[in-house]
Amino acid sequence: MAHRDDDVIVNALVRQALSSTQEVMGENGLNAVLRASGLERFIGNFPPNDLAPGIKTADYARLNQAIEDFYGRGGRGMLRRIGKASFQYGVREQAAMLGIAGVALKLLPEKQRIKFILNGMVGALKKSNPNVNAWLEEGERLAYIEDTCAICHSRTSDGPICHLYVGSISEAVQWATGRSFEITETHCMAKGDPYCRFEVGEAVNHG
Ligand SMILES: [Zn+2]
């Protein structure tokens, strides 16, 4: 599936992105990247928590680019932090959409827990926009794949750039298992791959 010019992100997800960006960058930081990406209409004016079309997907990608530019070499880590905050926002504000309301995972094996939450993310995205195409791949390693990725929409790069997605997935896996796992973006549409693919690697030992 190729990116289309008329792809949109719904208000609820724009609100989630702006809230988590503000949480990590502060209000001044958020306002700076909103100006840099042509989204100043959202300064002090977040969209409502509904499923009406919010912004073009290309604008969302530009916001990601602006955050990366704002921090230079630190941009990748900052986007991961925003991705983590974004998943936590989802747990607080969109538990029903994620399918996690009232669910107890304790009795499931770890791999089932990871699949549960990643499937929940796929489901929530599809509920927000039926054009979203994302799925899980179960090979030697579990992977989360999307070929409608909004982060790298209309961007090009030599390496993978969907750092915010990496942050969200790693926070989701940590939420489901209580452990931290290495998440690697192995494929990215920005470098010409047919989809963005995020692989769940080994548990990280924080010792
Ligand atoms: Zn991507």
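A residue counts as buried when its relative accessible area is under 20%. Keep that cut-off in mind for this tour of a predicted model.

**Stop 1: strand 4**

Select residues 142–146, which form strand 4. Five of its five residues are buried, so the strand is largely enclosed by the rest of the structure. Now show the side chains. Leu142, Tyr144 and Glu146 point one way from strand 4. Ala143 and Ile145 point the other way. Both sets are buried.

**Stop 2: the neighbours of strand 4**

Add residues 134–138, which are strand 3. Strands 3 and 4 run antiparallel and are joined by five bridges. Pick Leu136 and look across to strand 4: Tyr144 stands opposite. Then pick Glu138, whose bridge partner in strand 4 is Leu142.

How many residues make the hairpin connection from strand 3 to strand 4? Three residues do. Arg141 sits in the loop between these two strands. Colour Arg141 by accessibility: its relative accessible area is 33%, so it is partly exposed. For a distance check, draw a line from Arg141 to Ile169. Their C-alpha atoms are separated by 14 Å, and the two residues lie 28 apart along the chain.

Next, add strand 6, residues 196–203. Strand 6 is joined to strand 4 by four bridges, and this pair also runs antiparallel. Return to Tyr144. In strand 6, Phe198 stands opposite Tyr144. Tyr144 therefore has Leu136 opposite it in strand 3 and, by the cut-off that defines burial, is itself one of the buried residues of strand 4.

**Stop 3: the zinc ion**

Select the zinc ion and show what surrounds it. Which residues supply its protein donors? They are Cys149, Cys152, Cys162 and Cys196, each through its SG atom. The donors lie 2.1 to 2.4 Å from the zinc ion. The angles between the four donor atoms run from 95 to 123°, which makes the arrangement tetrahedral. For reference, ideal angles for four tetrahedral donors are 109.5 degrees.

Now read the donors along the chain. Their spacing is C-x2-C-x9-C-x33-C. Cys152 and Cys196 link distant parts of the chain, 44 residues apart. Cys152 is in the loop between strand 4 and helix 6 (163–177). Cys196 belongs to strand 6. Buried or exposed, these two cysteines? Cys152 and Cys196 are both buried.

**Stop 4: Ser154 and Asn131**

Stay in the loop between strand 4 and helix 6 and pick Ser154. Check its backbone: phi is positive, about 60°, although Ser154 is not a glycine. Its relative accessible area is 57%, so Ser154 is exposed.

Jump to Asn131, in the loop between helix 5 and strand 3. Asn131 counts as partly exposed, at 41% relative accessibility. Its C-alpha atom is separated by 14 Å from that of His153, a residue 22 places away along the chain.

**Stop 5: helix 5**

Select residues 110–128, the 19 residues of helix 5. From first C-alpha to last, helix 5 reaches 27 Å, close to the 27 Å expected at 1.5 Å a residue. Highlight its buried residues, including Ile114, Ile117, Leu118, Met121, Val122 and Leu125. Charged side chains appear in the buried set too: Arg113 and Lys115 are listed among them. In an α-helix, residues three or four places apart point the same way, because there are 3.6 residues a turn.

**Stop 6: the largest pocket**

Show the surface and look for the largest pocket, which holds about 660 Å³ of space. It is lined by 34 residues. Closest to its centre are Leu13, Tyr60, Leu125, Glu146 and Tyr165. Several elements give two or more residues to the lining, among them strand 1 (8–10), helix 1 (11–36), helix 3 (75–93) and helix 6. Which element gives the largest share? Helix 5 does, with four residues.

**Stop 7: the cavity**

Finish inside. A search of the whole structure finds one cavity of 30 Å³ or more. The largest cavity holds about 30 Å³ of space. Select its lining: Ala17, Thr21, Tyr60, Leu63, Asn64, Ile67, Ile82 and Leu164. Helix 1 and helix 2 are the elements that give two or more residues to this lining. The largest share, four residues, comes from helix 2.

Note on methods:
Residues are numbered from 1 along each chain as its sequence is written. This is a predicted model: local features need pLDDT of at least 70, side-chain atom pairs count only at pLDDT 80 or more; totals for chains, interfaces and linings use all residues. Side-chain values use heavy atoms; hydrogens and water are left out. Donors are N, O and S atoms within 2.8 Å of the metal (3.2 Å for Na, K and Ca); water is not among the atoms, so sites may look incomplete. Four donors count as tetrahedral if all angles lie between 85 and 135 degrees; four count as square planar and six as octahedral if opposite donors are over 155 degrees apart and all others between 65 and 115; anything else is irregular. Buried means under 20% relative accessible area, exposed over 50%, partly exposed in between (1.4 Å probe, protein chains only). The expected span of a helix is 1.5 Å times one less than its number of residues. Two strands pair if DSSP finds at least two bridges between them. On a 1 Å grid over the protein atoms alone, a cavity is a set of points where a 1.4 Å probe fits but cannot get out, and a pocket is an open set with protein on both sides within 12 Å along at least five of seven lines; lining residues have an atom within 4 Å of a point. Grid points are joined across faces, edges and corners, and a volume is the space filled by probe spheres set on the points.
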